[in-house]
Amino acid sequence: MSDDAVIAATESEPDWQRLHPATLALAVVELGPRSLQFLPAVAALGFTGNWVWIVPAVGAFLLISLGAAWFQWLRFRFLVGADEVVIESGVFSRQHRTIPFDRIQDVSIEQGLVSRALGIAKVGFETGAGGKENDASLDAIALDAAQALRTTIRAHRSDEVAATATAADAPEALPATEDRLLFAMGPRQLLLAGLFNFSLAALAVVGAGMQFFDGLLPFDFNVFNPRDWIDIAEDYGLDQWVIAHRWVAGVGAAISLLFIGFASGIATMFFANWDFRLTREPRALRRTRGLTTRTDVAVPVKRVQAAILVTGWFRQRFGWHELRLQSLASDGGKENDHQVVPFAKLDVIDPVLDEVAIRRPDAGQSWQRSHGIVALGGMIGAVGATTGGLVAVSFGQDLGWFGPALGLLIGAGSLFGARFHRWADLGEQVAIRRGAWKPKTTLLPHASVQSVDLKSDFILRPLGLATLVFGVPGGSSLGAHEIPAIPLAAAQDLRTRILAARARS
Amino acid sequence: MTDIPAHPTDPFDAEAINATEGLDPVDPAYAQVLRIATALNLIPLAIGASVFDALLIRHIGGPYGLITAAAWVIAAIVIVSFPSRRVSRWGYKIGEGQLRVARGWLFRTDTIVPFVRVQHIDVGQGPIERWFGLSHLIVHTSGTHNSTVTLPGLHADLAAAMRETIRRHIQTDFA
């Protein structure tokens with residue numbers, strides 16, 4: 001099968017097609033990580049002294065894997081008909097699947113590093129059927145064929161006859177003329193976003209790695225160890241001065257810590273969001289991004305259930321926010337909601353919110369607060385940490401003093417954070433705000449709510465409080481939508497109003 | 001189903017909760033179902049405790065018999081007294097276009113599902129439930145939180161009738 005046969009995809013004549021031959025090359029690449037499974041067998045051979053068999057065994061493993069990949073490729077064929085995609089797969093047990101274009105919510109195109117070098121792309125059909133395994137994918141076909149296929153299906157969906165089947169050969173050039181660019185990120189913005197993306201988590205990873213690989217590093221230098229900084233100084237004859245001014249070593253360690261934090265923040269931002277583009281298409285918001293792995297995801301506008309605005313205590317002062325949309329069709333297991341704007345000011349975010357018909361509460365909005373009892377969980381944790389620490393101290397373990405210190409921090413943090421649980425009813429949607437360290441605002445249209453729980457327990461009931469929990473389609477990685485500890489009457493009133501709303505079509 | 005006079009609001013009177021919130025109680029026979037289910041869970045545990053007592057505590061010369069007695073007494077109390085309390089705290093109401101299910105007291109959850117939002121409905125019947133002629137109704141929504149709402153302890157005919165009621169609403173609203 002040559003590329004030309006694959007490109008001829010969009011003709012209606014029934015001719016079966018195979019995946020791009022480069023898929024086999026992809027299989028070879030994937031063998032790398034997979035051969036790890038083979039390591040125990042190699043180890044077993046080694047331990048039993050059968051050294052001679054290792055090379056033939058590895059060879060056989062590779063051969064069988066490649067053979068299996070080749071057979072799978074041979075037995076996989078697909079057909080793009082006038083109004084449906086038919087996929088047949090399986091070596092021994094054949095699987096025949098028909099997907100009508102009408103049922104395809106959207107076509108996603110994903111390219112990994114190797115795929116980009118080979119000019120192929122994985123095409124996923126989002127059918128909205130529950131579960132990832134129910135969605136079909138073609139892994140992989142030529143990029144231009146993939147884009148032609150997408151254009152065909154989209155044209156069918158939006159009832160446009162002019163299907164520009166041969167459009168677009170570069171991944172950046174998006175087909176279809178009426179697409180409107182809503183948001184894009186250039187290198188400057190990425191750099192700025194990366195600076196705010198300063199992460200202490202990366203520090204922990206690097207620190208742990210340094211400890212772990214201490215003996216393996218080609219250079220004997222641990223940035224976290226002030227002693228190493230003194231050693232450096234020694235090389236330059238500065239040791240006397242440094243020992244006299246020990247703080248210099250500490251400053252050196254601190255600076256490198258900061259550097260790693262910033263560098264990792266900038267690097268993750270660049271890798272994830274390189275050439276970020278959010279465009280408005282007839283039915284969906286389309287997002288393309290990524291440096292090594294480029295993803296191309298569409299969020300159908302009608303399927304958007306809620307919007308979540310995330311910011312940080314520091315970036316908030318500069319007006320930077322992140323916008324996520326919770327959608328019925330989630331793409332992949334890792335991401336339950338779609339980050340549609342990673343880093344922007346509110347005046348840029350507002351037009352995007354307009355597209356999905358969600359309104360942001362203005363500055364004059366009056367918010368209602370949750371009761372301070374929401375700090376109780378944190379307080380119990382704080383008391384636990386304190387008593388645990390004190391018990392350890394009483395047994396003569398000095399490290400136990402961490403307990404009370406940690407308890408004090410947790411207690412203060414939860415008391416402080418409790419003041420940031422707020423909510424407001426905006427008529428057609430509820431706004432829920434929480435978090436002091438990482439404030440996030442959930443904008444939940446009444447019409448998205450599938451069910452409402454009114455919860456109370458032995459602590460909330462005597463206080464006349466209740467917690468509202470909303471069942472909303474499409475999971476959010478940021479947790480369930482709930483308004484904790486509000487007066488019972490207000491909760492019942494809000495519940496009645498939300499349930500009166502009509503379904504979001 | 002049965003009419004319960006409105007009790008004065010005594011938070012420790014279990015039936016008052018349903019009455020004040022305007023909910024219907026589930027079938028009292030559900031207590032028997034729960035009791036048997038609890039017994040099936042607890043009796044093996046109690047037997048396990050007795051065996052542990054006989055084998056280990058006697059072996060190391062501890063106070064033999066204490067654990068066995070405690071296990072059986074606790075199991076008996078839980079089996080005899082808890083199920084009827086738990087049952088009295090379940091309540092439901094088929095309202096205008098919505099199903100309301102409430103459960104629990106220490107941690108009380110009061111769920112409302114509009115019929116329009118129901119994806120599909122199950123009526124299930126376990127072997128113990130069949131014995132008492134009961135069924136449970138499971139309502140599926142597309143929400144991630146609360147994707148299934150279960151209402152146990154319904155008379156089999158009532159469960160089927162409720163299913164039909166909800167199903168009619170699904171049809172009329174999406175037609």
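This is a selection-by-selection tour of a predicted model with chains A and B.

**Chain A as a whole**

Start by selecting chain A and colouring it by secondary structure. The assignment comes to 15 helices and 20 strands. Chain A has 505 residues, of which 31% count as buried. If contacts are restricted to residues at least 6 apart in the sequence of chain A, 55% of them join residues at least 24 apart.

**The sheet within chain A**

Next, select strands E11 to E17 of chain A. They form an open sheet of seven strands, in the order E13-E12-E11-E17-E16-E15-E14, with antiparallel pairing. The edge strands are E13 (337-345) and E14 (368-369) of chain A, and each pairs on one side only.

Keep E13(A) and add E12 (320-327) of chain A. These two strands pair in the antiparallel sense over six bridges. To follow the register, label two pairs of residues: Gln326(A) stands opposite Asp337(A), and Leu323(A) stands opposite Val341(A). Although E13(A) is an edge strand, E13(A) is mostly covered, with eight of its nine residues buried.

What packs on this sheet? Select helix H12 (346-355) of chain A, which touches E11 (304-310), E12 and E13 of chain A. The direction of H12(A) makes about 145° with that of E13(A).

**Helix H7 of chain A**

Now select helix H7 (187-196) of chain A. Leu190(A), Ala193(A) and Gly194(A) are its buried residues to display. Turn the view to look down the axis of H7(A): the buried residues fall within an arc of 105°, so they line one face of the helix. On the other side of H7(A), Arg188(A) and Leu191(A) are exposed.

To see what lies over the buried residues of H7(A), add E7 (180-185), H11 (247-273) and E13 of chain A, which are among the elements that cover them. E13(A) thus appears in two of the selections: as a strand touched by H12(A) and as part of the cover of H7(A).

**Two loop residues with positive phi**

Two stops concern the backbone. Go to Asp275(A), in the loop between H11 and E8 (276-280) of chain A. Asp275(A) is not a glycine, yet it has a positive phi of about 50°. Is Asp275(A) buried, exposed or partly exposed? Asp275(A) is partly exposed, with 16 other C-beta atoms within 10 Å.

Then move to Ala357(A), in the loop between H12 and E14 of chain A. Phi of Ala357(A) is near 60°, again a positive value in a residue other than glycine. Ala357(A) is partly exposed, with 14 other C-beta atoms within 10 Å.

**The contact between the chains**

Show both chains and select the residues of chain A that touch chain B. In this contact, 20 residues of chain A meet 19 residues of chain B. Strand E18 (451-457), strand E19 (465-471) and helix H15 (488-499) of chain A are the elements that give two or more residues to the chain A side. E18(A) gives the most, with seven residues. By type, the chain A side divides into 10 nonpolar, six polar and four charged residues.

Which strand of chain B pairs with E18(A)? Select E4 (107-114) of chain B: E18(A) and E4(B) pair in the antiparallel sense over six bridges. In this pairing, Val452(A) stands opposite Ile112(B).

Widen the selection to see the sheet to which these strands belong. An open sheet of seven strands has the order E20(A)-E19(A)-E18(A)-E4(B)-E3(B)-E2(B)-E1(B), with antiparallel pairing. At its edges stand E20 (481-487) of chain A and E1 (24-25) of chain B, each with a single partner strand, so one side of each is left without a neighbour in the sheet. E18(A) also pairs with E19(A) in the antiparallel sense, over five bridges. Here Leu454(A) stands opposite Leu468(A).

**A helix pair in chain B**

For the last stop, select helices H2 (30-57) and H3 (66-88) of chain B. Their axes come within 9 Å and cross at roughly 170°. That angle is over 145 degrees, which makes H2(B) roughly antiparallel to H3(B). The residues of the contact of H2(B) with H3(B) divide into 19 nonpolar, four polar and three charged.

Definitions and conventions:
Residues numbered from 1 in each chain as written. Chains lettered and ligands numbered in written order. Predicted model: local features only at pLDDT ≥ 70, side-chain atom pairs only at ≥ 80, totals over all residues. Contact = placed C-beta atoms within 7 Å. Helix = DSSP H or I, 4+ residues; strand = E, 2+ residues; numbered from the N terminus. Nonpolar A, V, L, I, M, F, W, Y, C, P; charged D, E, K, R; others polar. Pairing = 2+ DSSP bridges. Axes fitted to C-alpha atoms, helices over the stretch in contact; angles between N-to-C directions. Buried ≥ 20, exposed ≤ 12 C-beta atoms within 10 Å, placed from the backbone. Arc of directions from axis to C-beta. Parallel < 35°, antiparallel > 145°, perpendicular 65-115°, else oblique.
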